[in-house]
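The following note is offered to a colleague who is meeting this structure for the first time. It takes up the pockets and the ligand in turn.

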Amino acid sequence: MGAAATTEARLTIDTGAIIANWRALGARHAAAVAGVLKADAYGLGAAPVGRALRDAGCAHFFVAHAAEGVALRAALGPGPMIAVLNGFAPGDATGVLPVVNTLEMAQAWSGRGPVLLHVDTGMARLGLDAAMLDTLPPLDLRYVMSHLACADEPAHPLNAVQRARFAAVAARLPGVATSLANSSGIFLGYASNLARPGAALYGINPQPAGANPMRCVLRLDAPILQLRDVPAGTPVGYGAAWVAPRDSRIGIVAAGYADGYLRSLSGRGVGLLAGRPVPVVGRVSMDLTAFDVTGMAARAGDAITLIGPDNPPDAVAARAGTIGYEILTALGARYRRRYA
Ligand SMILES: *Cc1c(COP(=O)(O)O)cnc(C)c1O
């Protein structure tokens, strides 16, 4: 192995597990299941993830930005639908479909080609108000869609409200295909013609209150660059925020907040060294993080697993005070990436 092999962190993405997750979602949803690939497939790589899903039979993709859609079209070639959630003006992109979110965009797209229509049913984020359907200009509608605000909280009353409002919207657009559920919405049993999961494809738990039915799809291994034996009382890292309470052995690994190992994991993160938990000590730096490996047979070049099946994104997120989605989308560009 070259020098890079022992000094760079490795991100391994299991496209087989992503496909298995997509199929598992398909088994739960009565109709088609898309792949949501916005934000570079939640940090995992829109082109390789999109190709793997396409080869598995996925025919519908969603991204947030027109530029993401154009890049995905180049990666996938002709065929699958690629819809742009944030919309775009006619002429601004080709090979992708806009999601029309406002009456102004509806007017701009009237007579200018196929679109999806987003109607807000209770999230007050993107989408037309249902009342605006009264003045909707003629559109070539491929789907009418809405987005659930609280699908990860099955008991939240807004879920049923949104479902009922969406049913009323769909009834006003007879013959137009529907798209409602995100990952968690599939687990609510909210069927439509096309589900739009993102997070669950990538192993995030769609039902946070219960056991995670999805497979973990990534593994982030950061090599130990240097081991250091420090006597009790030695401060470690910026701000001297951690002081060794006893003689300690510290492993400095090649990943930091610039790589998406969030600074809020300072003093709280946990990695796995040869399967055993090792705590982050002190502050996470931009490119480096210190772990307490006292008493372990660690050597320089050994990898600490920062994220993986036994330390999944949701668990890392809980320690960082965020959600698994942010752990994934924050994943840095500097890792050596391998698609398995
Ligand atoms: C991000 C997004 C999704 C996917 O949501 P997940 O919770 O990741 O499954 C679906 N629809 C819309 C409109 C979105 O913005």
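**Notes on the pockets and the ligand**

1. The lining of the second largest pocket comprises, by class, 8 nonpolar, 5 polar and 2 charged residues. The model under discussion is a predicted one.

2. The volume of this second largest pocket is about 180 Å³. It is lined by 15 residues, and Val-236, Gly-237, Ile-252, Ser-285 and Ala-290 are those nearest its centre. Two or more lining residues are given by each of the strands β11 (218–230), β12 (235–236), β14 (248–253) and β17 (289–292).

3. The largest pocket has a volume of about 710 Å³. Its lining is made up of 37 residues, with Tyr-42, His-147, Asn-182, Ala-199 and Tyr-325 lying nearest the centre. Here the elements that contribute two or more residues are the helices α3 (38–42), α8 (183–188), α9 (313–320) and α10 (324–329). Of these contributions, the largest share of the lining comes from α9, with 3 residues.

4. In terms of residue class, the lining of the largest pocket holds 20 nonpolar, 12 polar and 5 charged residues.

5. Which pocket does the ligand take up? The space occupied by the ligand is the largest pocket.

6. The ligand has 14 residues around it, and those that come nearest are Lys-38, Tyr-42, Ser-183, Ala-199 and Tyr-325. Divided by class, this shell consists of 7 nonpolar, 4 polar and 3 charged residues.

7. Particular polar side chains deserve the reader's attention. Tyr-42 places a polar side-chain atom 2.5 Å from an oxygen atom of the ligand. For Asn-182, a polar side-chain atom lies 3.2 Å from a ligand oxygen atom. In the case of His-147, an N or O atom of the side chain is 3.3 Å from a nitrogen atom of the ligand.

8. How much of the ligand does the protein bury? Taken alone, the ligand exposes 390 Å², and 93% of that area is buried by the protein.

9. Tyr-42 may serve as a point of orientation when the structure is inspected. Tyr-42 is among the residues nearest the centre of the largest pocket, is listed with those that come nearest to the ligand, and has a polar side-chain atom 2.5 Å from a ligand oxygen atom.

Notes. Residues numbered from 1 in each chain as written. Predicted model: local features only at pLDDT ≥ 70, side-chain atom pairs only at ≥ 80, totals over all residues. Heavy atoms only, no water. Near = heavy atom within 4 Å. Polar contact = N/O pair within 3.5 Å; in protein donor to acceptor, adjacent residues only side chain to side chain. Areas by Shrake-Rupley, 256 points an atom, 1.4 Å probe, with all protein chains shown as cover. 1 Å grid on protein atoms, 1.4 Å probe; cavity = no way out; pocket = protein on both sides within 12 Å on 5 of 7 lines; lining within 4 Å. Sits in = over half its atoms within 2 Å of the grid points. Nonpolar A, V, L, I, M, F, W, Y, C, P; charged D, E, K, R; others polar. Points joined across faces, edges and corners; volume = space filled by probe spheres on them. Helix = DSSP H or I, 4+ residues; strand = E, 2+ residues; numbered from the N terminus.
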